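Here's a quick look at a single chain, going from its overall build down to a pair of rings. Have the model open as you read.

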Amino acid sequence: PPTPVTGIEQLTPESVNLYPNPANQEFTIELPRALRADATVRMIDQVGQTIDAGVLPTGKNTKTVSTFGFASGVYIVEILTDEGSIVRKKVIVVH
C-alpha cells in the first residue's frame, strides 16, 4: 500500500535533475513536482560568488538557464524554496 502523506515533501539533490550536464549553451533544471511558491535559483562560481540569479515561478517545475557569458568550468546551482529546502547541484559548462 502507498505511504500516507503527512507533510510537505522536501526537495532533495537526488530529486532534482540538471540536463544536459555538461552544458554548452543552456541547461534545464527539472524538479519532481510543480512549486507551491516561487523558488530562488542562483549560479555560484568556483570562488563562491553568485554570477547569476533568477526565479523558478509558482506552478512550474522546470527552468532553462542560459550559459551565454559564463566561462567554461564547474558551477553550483542552488535552489532555495519557501518550504525551506536548499538544494545544491553541480553543473559543468563547456564551450
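What follows covers the fold, the surface and charges, and then the aromatic side chains.

Keep in mind that this is a predicted model. On secondary structure, the chain has seven strands and zero helices, so reading along the sequence you just get β-β-β-β-β-β-β. The C-alpha trace spans about 45 × 25 × 20 Å along its principal axes.

How are the contacts spread along the sequence? Counting contacts between residues at least 6 apart, 54% join residues at least 24 apart.

Now for the surface. Of the chain's 95 residues, 32% count as buried. The accessible surface comes to about 5900 Å², and carbon and sulfur atoms account for 53% of that. As for charge, the chain carries 8 positive and 10 negative charges, and the mean positions of the two sets are 1 Å apart.

How many aromatic pairs turn up in the whole structure? A search finds one. It's formed by Phe70 and Tyr75, whose ring centres sit 5.5 Å apart, with the planes at 35 degrees, so the pair counts as tilted. An angle under 30 degrees would have made a pair stacked, and one over 60 edge-to-face.

Are the two partners buried or exposed? Here they are side by side:

| Residue | Relative accessible area | Class |
|---|---|---|
| Phe70 | 12% | buried |
| Tyr75 | 7% | buried |

Both count as buried because the cut-off is under 20% relative accessible area, with Phe70 at 12% and Tyr75 at 7%.

Conventions: Residues are numbered from 1 along each chain as its sequence is written. This is a predicted model: local features need pLDDT of at least 70, side-chain atom pairs count only at pLDDT 80 or more; totals for chains, interfaces and linings use all residues. Side-chain values use heavy atoms; hydrogens and water are left out. Helices (H or I, at least four residues) and strands (E, at least two) are DSSP runs, numbered from the N terminus. Buried means under 20% relative accessible area, exposed over 50%, partly exposed in between (1.4 Å probe, protein chains only). Contact means heavy atoms within 4.5 Å. Accessible areas come from the Shrake-Rupley method with a 1.4 Å probe; for residues, only the protein chains shown count as cover. Lys and Arg count as positive and Asp and Glu as negative; His and the chain ends are not counted. The place of a charge is taken as NZ of Lys, CZ of Arg, CG of Asp or CD of Glu. Rings of Phe, Tyr and Trp (its six-membered ring) pair if their centres lie within 6.5 Å; planes under 30 degrees apart count as stacked, over 60 as edge-to-face and the rest as tilted.
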